[in-house]
Amino acid sequence: MTAVFDLSARRTGLASTAFGHPNARLLAADALDMTVGYGEGINCIQLKAEFMLPLSEQCIGVGKLGAREKSLIDRCVAAVYHDYIQGGYRGESPTLRDFHNELLRQPETEAKSVALAMELFTTGSLSIFAHQTNVDIATA
């Protein structure tokens, strides 16, 4: 099977046309995707926060992520996963867009700055990893 990552998840049929193969399909991947057993016993929120901190720093600028921003990122990671985890990992896993929206709901000015810095990757033209995953990662 040929697989292509679709930046916007709107190109149905494009893969099979472009590659001339009926089984070719476009893939979307969510950087925040999480399933039951993620982290194998390690605090899954901690793991996702550890992932989001350097990602956020790359967006803001290396060395420009202060303690206040780090605390906001940690708070927002926990908030976007709360209902999903409490619901037994049923439904859709949070996405980078959910994380972005949670930042925007925070009252601190720093949260708005982090959200703006990440906008290109959450809602902008480079939002390839901000969509729901359409790959069965449990069997991939």
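V80 is found in helix 3 of this predicted model. With a relative accessible area of 13%, V80 is buried, because the cut-off for that class is under 20%. Beyond its neighbours within four places in sequence, V80 is in contact with P94, D98, F99 and E102. V80 and T95 are 15 residues apart in sequence, and their C-alpha atoms are 8.5 Å apart in space.

**Overall layout**

The secondary structure of the protein comes to five helices and two strands. Read along the sequence, these elements follow the pattern β-α-β-α-α-α-α. The protein has 140 residues, of which 36% are buried. Among contacts with a separation of 6 or more, 58% are between residues 24 or more positions apart.

**The nonpolar core**

Which residues have the most contacts inside the largest nonpolar core? They are M52, I73, V77, Y81, F99, L103 and M118, in a core of 21 residues. At least two residues of this core come from each of helix 2 (44-60), helix 3 (67-86), helix 4 (96-105) and helix 5 (109-122). Helix 3 gives the most, with seven residues.

V77 is one of the residues with the most contacts inside this core. Leaving aside neighbours within four places in sequence, V77 is in contact with I45, K48, A49, M52 and F99. F99 also appears in the contact list of V80.

**Helix 4**

The buried residues of helix 4 are L96, F99, H100, E102 and L103. They lie on the same side of helix 4, because they cover an arc of only 160 degrees around the axis. These buried residues pack against helix 2, helix 3 and helix 5.

At the N-terminal end of helix 4, T95 acts as a cap: a side-chain oxygen of T95 lies 3.2 Å from the backbone nitrogen of R97.

H100 is placed in helix 4. Is H100 buried or exposed? Its relative accessibility is 5%, so H100 counts as buried. A polar atom of the H100 side chain lies 3.2 Å from the backbone oxygen of A115. A115 is also in the list of residues in contact with H100 once neighbours within four places in sequence are left aside; the others in that list are E119, T122 and T123.

**Salt bridges**

Side chains of opposite charge can pair when their charged atoms come close. How many salt bridges does the structure hold? There are three salt bridges, set out below.

| Salt bridge | Closest N and O atoms |
|---|---|
| E110 and R68 | 2.6 Å |
| E102 and R105 | 2.8 Å |
| R75 and E108 | 3.1 Å |

The pair of E110 and R68 ties together parts that are 42 residues apart in sequence, because E110 lies in helix 5 and R68 in helix 3. The pair of R75 and E108 also links distant parts of the chain, 33 residues apart. R75 is in helix 3, while E108 is in the loop between helix 4 and helix 5. R75 has a relative accessible area of 37%, so R75 is partly exposed.

The pair of E102 and R105 is within helix 4. These two residues are separated by about one helical turn because they are three residues apart in that helix. E102 is buried, with a relative accessible area of 13%, whereas R105 counts as exposed at 56% relative accessibility. E102 is also among the residues in contact with V80.

**Cysteines and an unusual backbone angle**

C59 counts as buried at 19% relative accessibility. C76 is buried as well, with a relative accessible area of 0%. The count of disulfides in the structure comes to zero.

Where is Y89 found? Y89 is in the loop between helix 3 and helix 4. Y89 has a positive phi of about 65 degrees although it is not a glycine.

Conventions:
Residues are numbered from 1 along each chain as its sequence is written. This is a predicted model: local features need pLDDT of at least 70, side-chain atom pairs count only at pLDDT 80 or more; totals for chains, interfaces and linings use all residues. Side-chain values use heavy atoms; hydrogens and water are left out. A nonpolar core is a set of buried Ala, Val, Leu, Ile, Met, Phe, Trp, Tyr and Cys residues joined through side-chain atoms within 4.5 Å. Buried means under 20% relative accessible area, exposed over 50%, partly exposed in between (1.4 Å probe, protein chains only). Helices (H or I, at least four residues) and strands (E, at least two) are DSSP runs, numbered from the N terminus. Contact means heavy atoms within 4.5 Å. A polar contact is a pair of N or O atoms within 3.5 Å; within protein, one must be able to donate a hydrogen and the other to accept it, and residues adjacent in sequence count only if both atoms are side-chain atoms. A salt bridge is a side-chain nitrogen of Lys or Arg within 4 Å of a carboxyl oxygen of Asp or Glu. The arc is that of the directions from the helix axis to the C-beta atoms. A disulfide is a pair of cysteine sulfur atoms within 2.5 Å.
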